[in-house]
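User: Hey, can you walk me through this structure? I'm new to this, so keep it simple.
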Amino acid sequence: MGEKNDAFCAYMEKSDIFADFINGTVFGGRKEVTPEELEAAPAIYHSEKSTGRSGGARGRYRDVAKKRYREGTCCVLSVENQNELHYAMPARCMEYDALDYAGQLRKKRLLHRKKKDLKGSAQFLSGLTPEEKLDPVVTLVFYHGKGKWEACRDLHGMLNFEGENGIFRKYTANYRMNLYTLEDLKEENFATGLRDVIAMMKRSEDKEAMKEYCRKNEKRFREMEEATYDVISVMINHQKLNGYKEKNRTEGGKVNMCRALDEMMEDSRRDGIRIGEKRGEKRGEKNGERRFAALAERLLKDSRTEDLERAVNNETFRRKLYREYGMR
């Protein structure tokens, strides 16, 4: 999955972060989902049968999935995180949703089998009573990679309807993917630490923009939750921030990210200067060696061996010879 996806998935497991992500993407910041309504949902689905030699069920893994319960209803919510383009993403999400519905049907059939309460061939065939409904399954895809999403956004985009296939297009069921890219998101739509995670991810290629955002939101950055600090460090490609976390802790286990960022950038600046100086010294040494080798060649050519011996140990005399031979 990759380090960024792993870090973001772990962060999204927190109910308050998950609810905030749903509210900030689907509902534009309106609080339609609360953390208290959420429960963990199975993140792995198994097909009912397997045709492989090894037998057993084939598993499919969700990134993050939760069930929202309210007033006797249930809805399955899932988020798939993508750092890279995935050209088969609509089909992949459709398979996840289909496996979830198949799992719901399987559970209902088993329950009715135990109760022995199905009546008539239609109920036995379907494993459902006429009144029963399945829980809706909603899958969101969050693409936080570099560049635009250039893959398909629905199943029809993946299908070949050219030529004679065109007549079947309107009869072919489509599946629309709920895709949200980083550039689509507005940080002001989020209410938890996710707001600052999204904001810093959007500015990760511009250090000045990151520093400016930090200054404008200094109060939050001086008292940042450790989990938010950790995921920002990974998502903006500055894992070195982990080394600045302990000495920048504040009361209550929070972290002063403003100070940690300043210290990291200042240390990076100093390291850059030191590296530049070392490289300059090495270049200077090499240039000096080449320059003296050229002087020695000229002196030997002019049979000035005594001047050469004197130039080895006398820097003032050596500079004089450089000027004499026009070697600046």
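Analyst: Sure. One term to start: two strands count as paired if DSSP finds at least two bridges between them. Also, keep in mind that this is a predicted model.

User: Okay, in what order do the strands sit in the sheet?
Analyst: The order is β1-β4-β5-β6-β7, five strands in an open sheet with mixed pairing.

User: Which strands stand at the edges?
Analyst: Those are β1 (38-40) and β7 (178-181). Each has a single partner strand, so one side of each is left without a neighbour in the sheet.

User: And how much does the sheet twist, on average?
Analyst: The twist averages 30° from one strand to the next.

User: What about β4 and β5, is their pairing parallel or antiparallel?
Analyst: Antiparallel: β4 (residues 64-70) and β5 (residues 73-82) pair over seven bridges. As an example, arginine 68 has cysteine 75 in β5 as its bridge partner.

User: Switching to helices. Which strands does α1 lie across?
Analyst: Helix α1 (residues 3-12) lies across β4, β5 and β6 (137-143), and it runs at about 155° to β5. Helix α3 (residues 89-115) packs on the sheet too, touching β5 and β6, and its direction makes about 150° with that of β6.

User: Back to α1: how many of its residues are buried?
Analyst: Seven of its ten, so to speak "mostly covered". Among them are Phe8, Tyr11 and Met12, and also Lys4.

User: What do those buried ones pack against?
Analyst: The buried residues of α1 pack against strands β4, β5 and β6, plus the helices α2 (15-25), α5 (194-202) and α8 (226-235).

Methods. Residues are numbered from 1 along each chain as its sequence is written. This is a predicted model: local features need pLDDT of at least 70, side-chain atom pairs count only at pLDDT 80 or more; totals for chains, interfaces and linings use all residues. Side-chain values use heavy atoms; hydrogens and water are left out. Helices (H or I, at least four residues) and strands (E, at least two) are DSSP runs, numbered from the N terminus. Axes are lines fitted to C-alpha atoms, for helices over the stretch in contact, and angles run from 0 to 180 degrees between N-to-C directions. Contact means heavy atoms within 4.5 Å. Buried means under 20% relative accessible area, exposed over 50%, partly exposed in between (1.4 Å probe, protein chains only).
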